[in-house]
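Let's walk through this model together, starting from one loop and working outwards. Keep the viewer open as you read.

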Amino acid sequence: MPPRRSHKKSRAGCRRCKARKIKCDEVHPRCGNCTKHGVACDFEHPSIVDSLSPIETPTPRPTTSTSNCDSPSTSTLPPTPSVDASTPLPFYRNPEPLPLTTNTKGNRMMELKLLHHYTTITCETLAISSPVSEKIWRDTVPNLAFTGANFLADALLAVSALHLRSNSPQDQDLVRASHSYMASTLSEYGASLSKGINESNAEALFLTAALIAFQSTASRIFTRDDGGDLKDRSDGYSLPLSWFHSFQGVKAVVASSWQWLRYSGIVIPIIESQPALNLDLSGQNANFFAHLLAGVEEEVVGLGDDQSSQVLTRQAYQHAVAVLDWAHKIPHTGAPLVFLATVSRRFVELLESRRPRALAILASYFGLLKCLDSVWWLKGVARREIMGIVSLFDPDDEQWWPSLQWPLRIALYDGDIIPPEVWGVDWATEKALLDEASQNGGFISHIELLSQMFSAMQNMPAGSMSDALDVVTHQNALARSKMLLQNNLHSPH
C-alpha cells in the first residue's frame, strides 16, 4: 500500500468550517467554502462567531418512501394541521442560520432594496390575470406584515431576493439573503403553527404558506447552485415532491382556519381569483387526457392491496386526470397551479413510489405549465421537468411511451404561443368555459366543502383521517359531476 500523502492541517480556519469539520483554505476576507455556499464567514464578520459554535445538523425524520425528493439532504417545512408531521417536506439543502443579525448599513440597504423590488415588481408576478389580488399582494400584504407578523415580512423579502437572484444568479449577497430570510420564515412560521391558528394570525399564516409555496417552486431553478442536484447519483431524476407538500400545506392552513378566513377581505379576493373547480368525474365524456386512465382497473387490482386501498388508488388517478382535463381547457388563468393543491394525498404517495401512471400524469401536468412559462418562478419548468420524467421511462415501453408524446411535444415546442392543433383545445372557448364554471359555484364553494370535511375528521383516528378525506373529496366531486351531467342532459340544445 502506498504511503499516505502528507498534508498541512488547518488550525486557523474559520469557525463555520471547523463546525462542519471540513478543511478551510483560510482565504481572507471570506474563505473559499463560505464563498462557494454563499454564507457569511467570521473572517469577514467577526460578530457572528457566537452564532456559529457549535452547530449540530438536524437528522431528517425517516420516511416510508424509497423515492427521491428534491435533494438528498434537506431541511423540513413545519408540519401543517392536516399534514402528517412525520412526512418530511423538503425545501432547502442545509439552510444556514440567519447571518443578517447585525444592524449594519449594508443590511438595512439590502432590506430596502428587497422591499422596493417586492412592492414594484415581484408582487405583480404572484397573481396571474387578477388585478384585484395583485393590488392585495402589493399593498395590503406588506401592511399586514408590518403589524408584527415577522414570518410574513421575512417571506416577502425571501421571495423578492429569489426573484432578483433569478436575474443575477451569481450575486452572493442575494444568495445569502434568499436563504437567510426563508430560513427565518420557516422557523417562525413553524413556531406559530405549533401554537395554533386563531383569528389574529390566520391571514398571515395563509399568506406565508402561499409565499413558501412560491419559493419552493422557484428555488428548484437554483438546485444545483445551492448544492443539490436534479439528478440523484444513484437513481436518476429527482421528483419535485416538495411542490406538492408546500401547496398542500396552503390547503391545510385554509381548511383548518376557514372559520376566520371566510370573512377576510385579504384572503377571499385571492381565493376568488382562482377559476371555479369544475371537474368531470362521470367517465362518460371523451376528455383529452382520458387515455391516462386506460387499464387503471387492472392496475389497481394487480397491486394486491385491500379493498379500501384499491378505492383510494383508483379515485386518486381519476381525480388527478379530471383536474388535468379541467386545467387544460383554461391554462392561461393559472388553473394548472391548482393541481398541486387539489390532488389527493394518495396520488402523492403513488408519485413517491414512481408508479408509471402517476409519472405520466405528472408529465402532462408539467406540459400545462408551458402556458405560464413567462412567469419567472415557472420559467423553463415544463421542459426541464418533462425531460426529467421521460428519462425514467424506457423508450421501448409500448404501454407508457405513447402517453408521453403530448407532454414531450409541448416541452419541445419552440414558440411563445402554442397553436390549438398542438395544444389540443381551441383557445376561443376559454372565456365561455370560465363563465359556465362560475355559474356552478366558485372556488369558495370548494373551500367550504373542504373545511366542513376537515372539521368532521378532527375526531377521527389519525391514521384514517387522510384516507377518509380523500374518499369524501372524491364522492363530493363525483356527485357534482353527476348533477352537472343531468343538467346538461335536460337542457335544450
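## A loop residue and its surroundings

Arg354 sits in the loop between α13 and α14. This is a predicted model, and in it the phi angle of Arg354 is near 55°, a positive value in a residue other than glycine. Is Arg354 buried or exposed? Its relative accessibility is 18%, and since buried means under 20%, Arg354 counts as buried.

Step back along the chain and you're in helix α13, where you'll find Arg345. With 26% relative accessibility, Arg345 counts as partly exposed. From its C-alpha to that of Leu312 is 9.5 Å in space, though the two are 33 residues apart in sequence.

## How α11 meets α13

Leu312 is also part of a helix-helix contact. On the α11 side there are Leu312, Thr313, Ala316, Tyr317 and Ala320, and they meet Arg346, Phe347 and Leu350 in α13. By type, the residues of this contact split into six nonpolar, one polar and one charged. As for geometry, the axes of α11 (residues 307-329) and α13 (residues 345-352) come within 8 Å and cross at roughly 95°. The two helices are therefore roughly perpendicular to each other.

What about α11 on its own? Its 23 residues should span 33 Å at 1.5 Å a residue, and the end C-alpha atoms are 34 Å apart, which agrees. The helix is mostly covered, with 17 of its 23 residues buried.

Val321 is a good residue to zoom in on, and it lies in helix α11. At 2% relative accessibility, Val321 counts as buried. Which residues does Val321 touch, not counting those up to four places away in sequence? They are Phe289, Leu292, Leu293 and Ile361.

There's a further pairing to check here: the C-alpha atoms of Val321 and Leu281 are 9.0 Å apart in space, with their positions 40 residues apart in sequence. Leu281 belongs to the loop between α9 (267-272) and α10 (296-302). Leu281 is buried too, with a relative accessible area of 13%.

Here are the single residues side by side:

| Residue | Relative accessibility | Class |
|---|---|---|
| Val321 | 2% | buried |
| Leu281 | 13% | buried |
| Arg354 | 18% | buried |
| Arg345 | 26% | partly exposed |

## Helix α14

Ile361, one of the residues that Val321 touches, is among the buried residues of α14. Helix α14 (residues 356-368) has 13 residues and reaches 19 Å from its first C-alpha to its last, close to the 18 Å expected at 1.5 Å a residue. Twelve of those 13 residues are buried, so α14 is largely enclosed by the rest of the structure. The buried ones include Arg357, Ser364, Tyr365 and Phe366. Among the elements of the protein, α14 also has the highest mean pLDDT, at 96.

## A second crossing: α3 and α5

Now for another pair of helices. Helix α3 (residues 105-120) and helix α5 (residues 150-167) pack at an angle of about 85°, and their axes are 9 Å apart. That makes α3 roughly perpendicular to α5. From α3, the contact uses Glu111, Lys113, Leu114, Leu115, His117 and Tyr118, which meet Leu156, Leu157, Ser160, Ala161, His163 and Leu164 in α5. Sorted by type, the residues of this contact come out as seven nonpolar, three polar and two charged.

## The whole protein, and where to be careful

Zooming out, the protein has 20 helices and two strands. Of its 493 residues, 52% count as buried. Take the contacts with a separation of 6 or more: 71% of them are between residues 24 or more positions apart.

Confidence is uneven. Mean pLDDT for the protein is 75, and 68% of its residues reach 70 or more. The lowest mean pLDDT among the elements belongs to helix α20 (residues 462-490), at 41.

Two stretches deserve a flag. Over residues 225-230 pLDDT stays under 50, and the model has 19 contacts beyond four places in sequence for them. Over residues 462-493 it also stays under 50, here with 42 such contacts in the model. Where pLDDT is low, the predicted coordinates should not be read in detail.

Technical notes:
Residues are numbered from 1 along each chain as its sequence is written. This is a predicted model: local features need pLDDT of at least 70, side-chain atom pairs count only at pLDDT 80 or more; totals for chains, interfaces and linings use all residues. Side-chain values use heavy atoms; hydrogens and water are left out. Axes are lines fitted to C-alpha atoms, for helices over the stretch in contact, and angles run from 0 to 180 degrees between N-to-C directions. Helices (H or I, at least four residues) and strands (E, at least two) are DSSP runs, numbered from the N terminus. Angles under 35 degrees count as roughly parallel, over 145 as roughly antiparallel, 65 to 115 as roughly perpendicular and the rest as oblique. Contact means heavy atoms within 4.5 Å. Ala, Val, Leu, Ile, Met, Phe, Trp, Tyr, Cys and Pro count as nonpolar, Asp, Glu, Lys and Arg as charged, and the others, Gly among them, as polar. The expected span of a helix is 1.5 Å times one less than its number of residues. Buried means under 20% relative accessible area, exposed over 50%, partly exposed in between (1.4 Å probe, protein chains only). pLDDT is the predictor's confidence in each residue, from 0 to 100.
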